[in-house]
There are 2 protein chains.
Amino acid sequence: MDFRSKLDACRQAVDAKIAELLDSGNTGAPASPLADAMRYATLGGGKRFRPFLVIETAGLFGVPQAKALPIAAAVECIHCYSLVHDDLPAMDDDDLRRGRPTVHKAFDEATAILAGDALLTFAFEILGRPNTDPDPVIRSELVLGLAQASGWQGMAGGQMLDLIAEHAPVDLQGVTRIQSLKTGALIEFSVMAGAILGRGAPAERQALARYARALGLAFQIADDLLDAEGETAQVGKATSKDAASGKATFVSLLGIEASKNKLKELEGEAVDALHAWESRAEALREAARFVSLRRS
Amino acid sequence: MDFRSKLDACRQAVDAKIAELLDSGNTGAPASPLADAMRYATLGGGKRFRPFLVIETAGLFGVPQAKALPIAAAVECIHCYSLVHDDLPAMDDDDLRRGRPTVHKAFDEATAILAGDALLTFAFEILGRPNTDPDPVIRSELVLGLAQASGWQGMAGGQMLDLIAEHAPVDLQGVTRIQSLKTGALIEFSVMAGAILGRGAPAERQALARYARALGLAFQIADDLLDAEGETAQVGKATSKDAASGKATFVSLLGIEASKNKLKELEGEAVDALHAWESRAEALREAARFVSLRRS
């Protein structure tokens, strides 16, 4: 199976798991607009790249997909909540996401805030459930890792710095730090979640952390290149926003060519970090190549 | 020590623990306005009634206060995040909270949204830490309980229904359901968290759940009475908002006298549920009387 087909099969499995979790969690009781908004926010497309990383990394350790899927779904709930809140008028003020109206446009602002809160909370509910993993040590380690990756010292902290950067000059080191928090931390956790599930040894975790860090940075540089070069129709959200706002990005600081070179270099680093797994890590290597080449 | 002094001593211990957790969690890295807003949102007063319930219930089982404090702090982080988000312009649009400007007034809307997100996430980070409780079964049970109490089937779901109720007629059953989710669920979890920490037996947990449900409902009826009868200066937030907005509350549906009678009845139910603990549960009984009499 080629990489695209593999990613697509994973996407379908993750979508089905998220739908199942949202359905089974719904005791019929309350708040149907909230449940609708949570479904809209999570089931409206998206590559499911983070879930793919969870599942493929867990697979390196022989963990079956079915066991990794709830954790993959929890990570995607966090990613989707962050998109819903980042799109709000008080934040990035975006009307379009994955080619559809953003949640606060399709519903309203209050519902979007609550749907984000509820998805964030739901991720931890999934991780806390005994049937997600029978070992409470694993569940607890996943909770701690996800909270650290997505909280004030991770993704939320990165979004704060990113908002500040709109009104203050930032150098390359600053952009790297912002992106390692805003985007990198959750990508890194997605990989490490697979290692936690698979009970990876310290040396294995270190190698995967190297892979994940290179991948996360590559992901963001590719995103900046897309913003600079892509078309709205292809990307599914507004493009050229960074240049229009005068915001510092890898592309604005390094230029397009140097950014592409950096992207290639990071792809190489990510691929190299996986050498111990030989051909078994091919899907994760493909993921690094995919990031480097992605156009949407 | 009388109840007020006991509550006050607890408040000081909880404030110190939250400050310690926010300081020690701060690796010096990012996002100082975010950290500032998190401190502002959590350390600006408040009775710490939910933490008091965690600590006193845990105490019924001989759990020392120091062991219950991190869990108490996590519950308070959830409560504070909900206040920050509920106060936002798109939600209840309040400028005043605990006698001070709300977070989006003292900072800005984006920072308030992120501070709420970060506090919500931080609560789970605290619960996931091995030093919070060495038993991962306990940690995991606390994570699941807190997520259920505060998510779409709990507090967030209740806030959604409450927003809808501003534009739709709601009867007494509807108001009871909204409040049991919006306010009751987290109060109930605060009590149950003490029972989880204390490894309470099923019969003990059932008795405490009865106590907590009566207490949670009493708390909300008292809140409605405060809104109807209190003065802004005393309450620390805007009052008479419900009547001005024509929103259904216990007071608008039952009238003031019947609401006060219901409050007394619930106080009695709460007190009765604790009979097995005899004098050891006196502080929790006092808490029920305090709720029934509270004027701020």
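The largest nonpolar core comprises 208 residues. Within this core, Ala218(A) and Ala218(B) have the most contacts. Sequence neighbours up to four places away aside, Ala218(B) touches Leu263(B), Leu266(B), Glu267(B), Ala270(B), Ala288(B), Val291(B) and Ser292(B). The model is predicted. The predictor assigns the complex an ipTM of 0.94 and a pTM of 0.94. For chain A, the average pLDDT is 92. A pLDDT of at least 70 is reached by 92% of the residues of chain A.

The two chains superpose. A turn of 180 degrees, with a shift of 0.0 Å along the axis, lays chain B on chain A. The RMSD of this fit is 0.0 Å. The two copies are therefore related as by a two-fold rotation axis. Both copies use the same surface, as 100% of the contact residues of chain B recur in chain A.

The interface was then examined from the side of chain B. Here 46 residues of chain B are in contact with 46 residues of chain A. Four helices of chain B each supply at least two residues of the side that touches chain A: H2 (32–42), H6 (109–128), H7 (136–150) and H8 (155–165). H6(B) gives the largest share, 13 residues. By residue class, the side of chain B that touches chain A divides into 29 nonpolar, 12 polar and five charged residues.

Helix H7 was followed in both chains. In chain A, H7 covers residues 136–150 and has 15 residues. From first C-alpha to last, H7(A) reaches 21 Å. This is close to the 21 Å expected at 1.5 Å a residue. Of the 15 residues of H7(A), 13 are buried, so the helix is largely enclosed by the rest of the structure. In chain B, H7 likewise has 15 residues. H7(B) reaches 21 Å between its first and last C-alpha, close to the expected 21 Å. H7(B) is mostly covered, with 13 of its 15 residues buried. This helix of chain B is also among those that supply residues to the side touching chain A.

Glu141(A) is found in H7 of chain A. Glu141(A) counts as buried because it has 21 C-beta neighbours inside 10 Å, and the cut-off is 20 or more. Glu141(A) and Gly230(A) are 89 residues apart along the chain. Their C-alpha atoms are separated by 39 Å.

Two positions in chain B lie in other helices. Leu181(B) is placed in helix H9, residues 172–197. Leu181(B) is buried, with 26 other C-beta atoms within 10 Å. Tyr211(B) is 30 residues from Leu181(B) along the chain, and the C-alpha atoms of the pair are separated by 16 Å. Glu204(B) has its place in helix H10, residues 202–229. With 17 other C-beta atoms within 10 Å, Glu204(B) is partly exposed. Glu204(B) and Ala273(B) are 69 residues apart along the chain, and 9.7 Å separates their C-alpha atoms.

Helix H15 of chain A runs over residues 282–293 and has 12 residues. The helix reaches 16 Å from first C-alpha to last, close to the 16 Å expected at 1.5 Å a residue. Its buried residues are Ala283(A), Leu284(A), Arg285(A), Ala287(A), Ala288(A), Val291(A) and Ser292(A).

Positive phi values occur in loops of chain A. Glu278(A) lies in the loop between helix H14 (256–273) and H15. Phi of Glu278(A) is near 45 degrees, a positive value in a residue other than glycine. Glu278(A) is exposed, with 8 other C-beta atoms within 10 Å. Arg48(A) sits in the loop between helix H2 (32–42) and helix H3 (49–60). Arg48(A) is not a glycine, yet has a positive phi of about 65 degrees. Arg48(A) is buried, with 24 other C-beta atoms within 10 Å. The two loop positions thus fall on opposite sides of the burial scale: Glu278(A) is exposed, whereas Arg48(A) is buried.

Terms used:
Residues are numbered from 1 along each chain as its sequence is written. Chains are lettered from A and ligands numbered from 1 in the order in which they are written. This is a predicted model: local features need pLDDT of at least 70, side-chain atom pairs count only at pLDDT 80 or more; totals for chains, interfaces and linings use all residues. The expected span of a helix is 1.5 Å times one less than its number of residues. A residue is buried if 20 or more other C-beta atoms lie within 10 Å of its own, exposed if 12 or fewer, and partly exposed in between; C-beta atoms are placed from the backbone. Copies are superposed by least squares on the C-alpha atoms of residues with pLDDT of at least 70 in both. Two residues are in contact if their C-beta atoms, placed from the backbone, lie within 7 Å. A nonpolar core is a set of buried Ala, Val, Leu, Ile, Met, Phe, Trp, Tyr and Cys residues joined through C-beta atoms within 7 Å. Ala, Val, Leu, Ile, Met, Phe, Trp, Tyr, Cys and Pro count as nonpolar, Asp, Glu, Lys and Arg as charged, and the others, Gly among them, as polar. pLDDT is the predictor's confidence in each residue, from 0 to 100.
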